[in-house]
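These are my notebook entries on a single protein chain. I set down what I looked up, in the order in which I took it.

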Amino acid sequence: MNYTNLFLSLHVKASKMRIKHIIIALLAAFPILDASAQDIISEPSDTLATSQLVFPNAFSPNDDGINDKFKAKTHQNLVEFHAYIFNRWGQKLYEWTDPDDGWDGTTGGNPVKDGVYFVLVKARGIDGKVYNIRKDVNLLRGHNDNSSK
């Protein structure tokens, strides 16, 4: 077997495989590796193995610095991410591909009205988990957390 081709094949597939599986494949391909390399895979990390994606159901783009963007509340170990915002007539208003980014409540640079919008998120975690999130999101521009003080 040509080890160079095996290594290149593993390198190309690395984004689709968990790190633990890559190490196991390398250990199998190169049995001359020191046995201490087994320590690397003895305790898999939950951080690397588990993906997570959670979205809120409302946001308030009123420039108060709190919830001004509709974005992932929590995200972890995602290898693919694409989100879309639609109005009640199904018109796409916004889309983004970075889970740290989000929608600021505008379309074409103009603020949209308060109301209910629809979010569609398609994502995939490093652990292979597929996320197909479809939910309503309430835009509450007039809401201010300081109003109760």
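What percentage of the 149 residues of the protein chain count as buried? I found that 26% of them do. I note at the outset that the model is predicted.

Entry on overall make-up. I looked up the secondary structure and obtained 4 helices and 9 strands. Reading from the N terminus, I recorded the order of elements as α-α-α-α-β-β-β-β-β-β-β-β-β.

Entry on contacts and surface. I took the contacts in the protein chain with a separation of 6 or more and found that 54% of these join residues 24 or more positions apart. For the exposed area of the protein chain I noted about 9800 Å², with carbon and sulfur atoms supplying 52% of that area.

Entry on β4 and β5. I located β4 at residues 78-86 and β5 at residues 92-96. The two strands pair in the antiparallel sense, and I recorded 4 bridges for the pairing. Phe 86 stands opposite Lys 92, a residue of β5. I registered β4 and β5 as a hairpin that has 5 residues between the strands. In the turn I checked Gly 90, whose phi is positive at about 85°.

Entry on Ser 60. I placed Ser 60 in the loop that lies between β2 (58-59) and β3 (74-76). Is Ser 60 buried or exposed? Its relative accessible area is 5%, so I entered Ser 60 as buried, the cut-off being under 20%. I then followed the side chain of Ser 60 and found that it reaches the backbone oxygen of Ile 66 at 3.4 Å.

Conventions:
Residues are numbered from 1 along each chain as its sequence is written. This is a predicted model: local features need pLDDT of at least 70, side-chain atom pairs count only at pLDDT 80 or more; totals for chains, interfaces and linings use all residues. Side-chain values use heavy atoms; hydrogens and water are left out. Two strands pair if DSSP finds at least two bridges between them. Buried means under 20% relative accessible area, exposed over 50%, partly exposed in between (1.4 Å probe, protein chains only). A polar contact is a pair of N or O atoms within 3.5 Å; within protein, one must be able to donate a hydrogen and the other to accept it, and residues adjacent in sequence count only if both atoms are side-chain atoms. Contact means heavy atoms within 4.5 Å. Accessible areas come from the Shrake-Rupley method with a 1.4 Å probe; for residues, only the protein chains shown count as cover.
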